[in-house]
Amino acid sequence: MIAKTRDADALVVVYSPITRAVLSALEGVKTVVRTGVGYDVIDVPAATELGVIVVNIPDLWIREVANHALGLLLAWNRKIIASIARSTGAPGRGRDGARTGRSTARPSACRLGNIGSAFARRVAAFETK
């Protein structure tokens with residue numbers, strides 16, 4: 001990563017670790033932007049010490065993740081995934097050998113935050129409860 005970003009003024013990262021070594025090697029970097037929740041991949045104390053501003057955009061992907069979740073719900077509801085698995089592999093397995101079947105997770109065990117709220121707004125159009 002250092003070789004590819006050596007002349008960067010700013011970095012936008014999702015999961016690439018931005019360590020003290022990375023920050024020290026990129027002498028021109030002024031800002032590191034983390035798209036996602038938290039600063040877990042950035043050495044914030046090192047950035048602060050080196051005068052690099054760290055920015056977090058925790059809600060950037062809410063819409064995209066909610067849209068994807070809606071797509072998965074519709075695929076599950078219409079049994080599209082199971083249908084594909086049956087038509088492309090052995091019973092109970094997809095072509096790649098992966099098991100198909102029901103999830104063991106109960107909806108009541110899930111905690112929904114910002115993404116869950118965005119998902120709920122989308123799925124309401126389908127008159128769900």
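In which sense, right-handed or left-handed, does α4 pass α6? In this predicted model, α4 passes α6 in a right-handed crossing. The report below sets that crossing beside the overall fold, the sheet and two residues of the helix pair.

## Overall architecture

The protein chain contains six helices and three strands. Read from the N terminus, its elements follow the order α-β-α-β-α-β-α-α-α. The strands of this pattern are assembled into one open sheet, ordered β1-β2-β3, with parallel pairing.

Of the 129 residues in the protein chain, 25% count as buried. Among contacts with a separation of 6 or more, 32% are made by residues 24 or more positions apart.

## The parallel sheet

Within the sheet, β1 (10–13) and β3 (53–57) occupy the edges; each has a single partner strand, so one side of each is left without a neighbour in the sheet. From one strand to the next, the twist averages 15 degrees.

Strand β2 (residues 31–35) is joined to β1 by four bridges, and the two run parallel. In this pairing Leu11 stands opposite Val32 of β2, and Val13 stands opposite Arg34 of β2. On its other pairing, β2 is linked with β3 in the parallel sense over five bridges; here Thr31 stands opposite Ile53 of β3.

## Covered and uncovered faces

Burial can be followed strand by strand. In β1, the covered face carries Leu11 and Val13, while Ala10 and Val12 belong to the uncovered one. The two β1 residues on the covered face recur in the pairing with β2: Leu11 is set against Val32, and Val13 is set against Arg34.

Strand β2 is mostly covered, with five of its five residues buried. Both of its faces are covered, one by way of Thr31, Val33 and Thr35 and the other by way of Val32 and Arg34. In β3, Val54 and Asn56 make up the covered face, whereas Ile53, Val55 and Ile57 make up the uncovered one. The pair Thr31 and Ile53 thus joins a buried residue of β2 to a residue on the uncovered face of β3.

## Packing of α4 against α6

Helix α4 (residues 62–77) packs with helix α6 (residues 114–123) at an angle of about 55 degrees, and their axes are 8 Å apart. The two helices are therefore oblique to each other.

On the α4 side, the contact involves Ile62, Arg63, Val65, Ala66, Asn67, Ala69, Leu70 and Leu73; on the α6 side, it involves Asn114, Ile115, Ala118, Phe119, Arg122 and Val123. By residue class, this contact divides into ten nonpolar, two polar and two charged residues.

## Two residues of the helix pair

Is Val123 buried or exposed? Val123, which lies in helix α6, has a relative accessible area of 8% and is therefore buried, the cut-off for burial being under 20%. When residues up to four places away in sequence are not counted, Val123 touches Leu70, Leu73 and Thr128. Leu70 and Leu73 are also among the α4 residues that meet α6. Between Val123 and Asn67 the C-alpha to C-alpha distance is 9.5 Å, although the two are 56 residues apart in sequence.

Arg63, in helix α4, has a relative accessibility of 61% and therefore counts as exposed, for which the cut-off is over 50%. Its C-alpha atom is separated by 6.6 Å from that of Ala118, which is 55 residues away along the chain. Both Arg63 and Ala118 take part in the contact of α4 with α6. The contact therefore includes a buried residue, Val123, as well as an exposed one, Arg63.

Key: Residues are numbered from 1 along each chain as its sequence is written. This is a predicted model: local features need pLDDT of at least 70, side-chain atom pairs count only at pLDDT 80 or more; totals for chains, interfaces and linings use all residues. Side-chain values use heavy atoms; hydrogens and water are left out. Axes are lines fitted to C-alpha atoms, for helices over the stretch in contact, and angles run from 0 to 180 degrees between N-to-C directions. Angles under 35 degrees count as roughly parallel, over 145 as roughly antiparallel, 65 to 115 as roughly perpendicular and the rest as oblique. A crossing is left-handed if the near helix is turned anticlockwise from the far one by less than a right angle, and right-handed if clockwise. Contact means heavy atoms within 4.5 Å. Ala, Val, Leu, Ile, Met, Phe, Trp, Tyr, Cys and Pro count as nonpolar, Asp, Glu, Lys and Arg as charged, and the others, Gly among them, as polar. Two strands pair if DSSP finds at least two bridges between them. Buried means under 20% relative accessible area, exposed over 50%, partly exposed in between (1.4 Å probe, protein chains only).
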